[in-house]
Every structure is written in structure tokens, then in C-alpha cells.
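This note sets out several points for a colleague who is examining the model at the bench. It takes up the ligand, one glutamate and the internal cavities in turn.

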Amino acid sequence: MPLISKVLIANRGEIALRVLRACKELGIATVAVHSTADADAMHVRLADESVCIGPPPSRDSYLNIHQIVAACEITGADAVHPGYGFLSENAKFADILDAHGITFIGPTADHIRIMGDKITAKETAKALGIPVVPGSTGEVRPENALEIAREIGFPVLIKATAGGGGRGMKVARNEDEVEEAVSTARSEAAAAFGNDAVYMEKYLGKPRHIEIQVVGDGEGNAIHLGERDCSLQRRHQKVWEEANSPALNVEQRMKIGEICADAMRKLKYRGAGTVEFLYENGEFYFIEMNTRLQVEHPITEAITGIDLVHEQIRVASGAGLSVTQDEIVFQGHAIECRINAEDPRTFVPSPGTITHFHAPGGLGVRVDSGAYQGYKIPPYYDSLIGKLIVHGRTRVECMMRLRRVLDEFVIDGIKTTLPLFQDLINNQDIANGDYDIHWLEHYLAQPAE
Ligand code: ADP
């Protein structure tokens, strides 16, 4: 791969370490950037070089484009991997790197823009043959909202076109609720995203969240790597993810996967991406596409044996995909638990020093974490401190292994969400794979035993 020799990793925490590992395996030099709060982070220790890019607040460090470009110039990095979050879906950042002759390990700025605006994303998906949630074509205004809601049929969901993180969403269950739902969604969207445009969709009652992993080479070749079921969510944040979905059979998987791969071929999409759907009564409904690596990507790696960061670097350097669709074999079942430094019941963040840390091991176990004994978790960033990924030949084997592994994992000194997973692993609905996107909220609303 001649084009890339040194990658600057514009991120922190477990994902910075994840990207660093892939670069090392490919023989590519690494540059870590960090805020003053992250000087002791594992990815900083393991990188070939590191540059401090500012004070703790993200806007002054991990979101500071000028500092990151300057760090590339100082170190001679010829490519940037953005990880997830921060600048990973910032089209302006991709443009600026391009103008400086630095490779952005991700899609083109145009593709980021198309998918970043949800109305455009939905229209594009539809034109590419992807099934979408029935809803408004274009923006919904207070004047036309009622008429559109009647056409769609109640209940309806009003969503921000610039949306993210589940903000700016409001349900209207009947005609009387439309006006207020639209105006609240608009003002929430304006406050959160500086853009008050909203659109309307049919509100699905008990869907699952199922997403398809795709990778394209930018030349019209693309593959899909099956699906992930991320229905177990709290406040629209994923908590536990599985591949494959307990709800799909092989034919359904290959059919929706092929629809997505085909759409990426038509789009000449470059890089890794995730096409997200709600799934109800055997039907898929596109909700959005993320044009980056996702937190839960390791479960796809577990069942396919394909390193997604290797593929991202390959396609960014013009080396193409390492596999064709026919060569991909889906093996067994994988589950990821997101371990947050939070109280397992109230989810209040719990930063502090980790006094003891013992990661589990054995066949089929992967821990992606920058945490270690003595590590002080800074209070400035999100509370994900690690991911536990378990693989087995069947879902039953995977669950049995997860139960064993959760007992081995020791993180002392702070509160973590590990006990939540110990509860979930003993739940009958989870054992049966019988849950939708509301299941976890209902479960957590029950009084603790
Ligand atoms: P965001 O970008 O804010 O995360 P998404 O469009 O991805 O917004 O939706 C986030 C979550 O909101 C989904 O995972 C699902 O739980 C819920 N949701 C979104 N659209 C609908 C819908 N039409 N019906 C029911 N729930 C929905």
C-alpha cells in the first residue's frame, strides 16, 4: 500500500487504540494527538509519536481542525483516521485535509454531506433502491404538518433533518398533538443543531434496530458484511449489540445486505459505512446512514474474520478491498457489551481512578479498552471505557461464554455497567432473543430486586 506511510489518529480512548493496532499490523507509523487531560492515555503511550493539541474541552482539542492539521504538518503524517464521533462525519474537515494533500481515511466530503442531512439521505437511499420509512418528502412546516400527518397515518414521528443522538424527535399520536410536536421538535432542533428543519415519518411501534455494514472502494465495488442487531438501547444509545440478529434468517440477511451493497456500488461509495434500519413485521425501513466506523464494528469482525480498519486504510490508499462478496463467510455469533464508567442503575457518570483492572481472556474473547490499573478516567468525555466482545459457534455458546467472561472481569475504584450485563445474561427474553427497541427502557423502569 504505497500511498499511506504515517497515520495521525484524530481521536482518543478505545477507538484510538483500535486504529493504532490496525496501523501497526500494516506496518504504518502512527501519531497520537491528545488533550492535556489524556497525556497518560494508552494510545499516546503506544503511538510512535504524539502531539498535545490543546486543553481538555473537546472543542479546543479533538474538534480543533487547525491544531490537527498543524499536528499532521509537524509530524509529516500523510493520512488521518478520525475514529467515530468528533470529526468523523465532518465534511469540512475532509475538505480541509484534501486541500492540504492529506488523505482522509473515510468517504468523500460529498458523501458525508449527503448522508449528514437526513432528508437528503432518505431521498438518496430511496433513489438507490433501499426501502425507507413512509413519510414526508422534504421539510415539514407548521402550515402543512397536519395534512402530511393525515396522509402518513397516526402515530407519526417528527425528526430533525440535522438530527443525531436521538435529539429533536417528537411523537404525535393524533391530530391534536401535531402542532405542538412540530413546534417543540423545531425549537429543540434549532437549539441542538442550529437548524430548525424537521421532517415526518410513520412512527413504528415495536421495531428492532438492525444495521448493515458496508465497505466500498470508491470505484464502484462494494461488499456487505451482514447485520448487527442494536435494539437494546437506553435513550437511543446502544448498550448491547449482536451479530447476527436473532430475528433474521440467512435469506433475509443476504437480501437486505445485497440491496445495501448494490446501493453503495451505484454511489461509488468509499470506505466503511453503516446503513441503519428499523425492522418490523418482516419489513426493513431505512432511517439513516453513518459514514464512518461504528462503536459496535468488532462483532462484525468476529463473525467474518475481516478487520474493518484494515479495509478502511486499504481503500483510502487506493489498494482496493481485500475480499469479494463470495469470499465472505459468516461464522457463529458475537455479542458486544459497552462498558461505561457509570452507575449500572442510574447511569450517572463515575469518573475516577481504576484501582484494579483485570480483563478476561480465553477462546472467543476480545476486550477493546484503553483502561489499565491506575488509569484515571477524565471527566470531560463520554463514559465508554471499554467494549467486551464474545464470539461462539452458536448464540447459545456465545451467551454461555459471556456469562463466564463477565464473572472474570474486574474493574475496581469506579462504578461500571458490568453488573447490568450480569442481570441481562440471566433474563429469559434476552436468552430467547425476544426484544425490541423499547425493551431495555421498560426493563430498567422496573424496580431493582
Ligand atoms: P439519531 O441520528 O438522532 O440517532 P435515528 O434516525 O438514527 O436518529 O433514530 C434513533 C432512534 O430513534 C432509532 O434507533 C429508533 O429507536 C428511534 N426511531 C427513529 N425513527 C423512528 C420511527 N420512524 N419510528 C419509531 N422509532 C424511531
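1. A polar contact is a pair of N or O atoms within 3.5 Å. The model discussed here is predicted. With that cut-off in mind, glycine 164 deserves attention, since a backbone N or O atom of this residue lies 3.4 Å from an oxygen atom of the ligand.

2. Two side chains also approach the ligand through polar atoms. For glutamate 201, a polar side-chain atom lies 3.0 Å from a nitrogen atom of the ligand. For histidine 209, the corresponding partner is an oxygen atom of the ligand, at 3.3 Å from a polar side-chain atom.

3. How many residues surround the ligand, and which are the closest? The ligand is surrounded by 21 residues, and Lys118, Gly166, Lys202, Leu204 and Glu288 are the closest of them.

4. Glutamate 276 belongs to strand β12, which spans residues 270–280. Is this residue buried or exposed? Its relative accessible area is 4%; because buried means under 20% relative accessible area, glutamate 276 counts as buried.

5. The side chain of glutamate 276 forms a polar contact of 3.3 Å with the side chain of glutamine 294. Leaving aside residues up to four places away in sequence, glutamate 276 touches His209, Ile210, Glu211, Lys238, Tyr285, Phe286, Ile287, Glu288, Asn290 and Gln294. Two of these names have already appeared in connection with the ligand: His209, through its polar side-chain atom, and Glu288, as one of the closest residues.

6. Turning to internal space, the structure contains three cavities of 30 Å³ or more. The largest cavity holds about 180 Å³ of space. Its lining consists of 17 residues, of which Arg12, Gly13, Glu14, Tyr375 and Leu384 are the closest to the centre. Helix α1 (13–25), helix α2 (42–46) and strand β19 (384–392) are the elements that each give two or more residues to this lining. By class, the lining has nine nonpolar, four polar and four charged residues.

7. The second largest cavity holds about 40 Å³ of space. Which residues line the second largest cavity? They are Pro82, Gly83, Ser88, Phe104, Ile105, Gly106, Pro107, Ala272, Thr291, Arg292, Leu293 and Gln312. By class, six residues of this lining are nonpolar, five are polar and one is charged.

Definitions and conventions
Residues numbered from 1 in each chain as written. Predicted model: local features only at pLDDT ≥ 70, side-chain atom pairs only at ≥ 80, totals over all residues. Heavy atoms only, no water. Helix = DSSP H or I, 4+ residues; strand = E, 2+ residues; numbered from the N terminus. Buried < 20%, exposed > 50% of the residue type's maximum accessible area, 1.4 Å probe, protein only. Polar contact = N/O pair within 3.5 Å; in protein donor to acceptor, adjacent residues only side chain to side chain. Contact = heavy atoms within 4.5 Å. 1 Å grid on protein atoms, 1.4 Å probe; cavity = no way out; pocket = protein on both sides within 12 Å on 5 of 7 lines; lining within 4 Å. Points joined across faces, edges and corners; volume = space filled by probe spheres on them. Nonpolar A, V, L, I, M, F, W, Y, C, P; charged D, E, K, R; others polar. Near = heavy atom within 4 Å.
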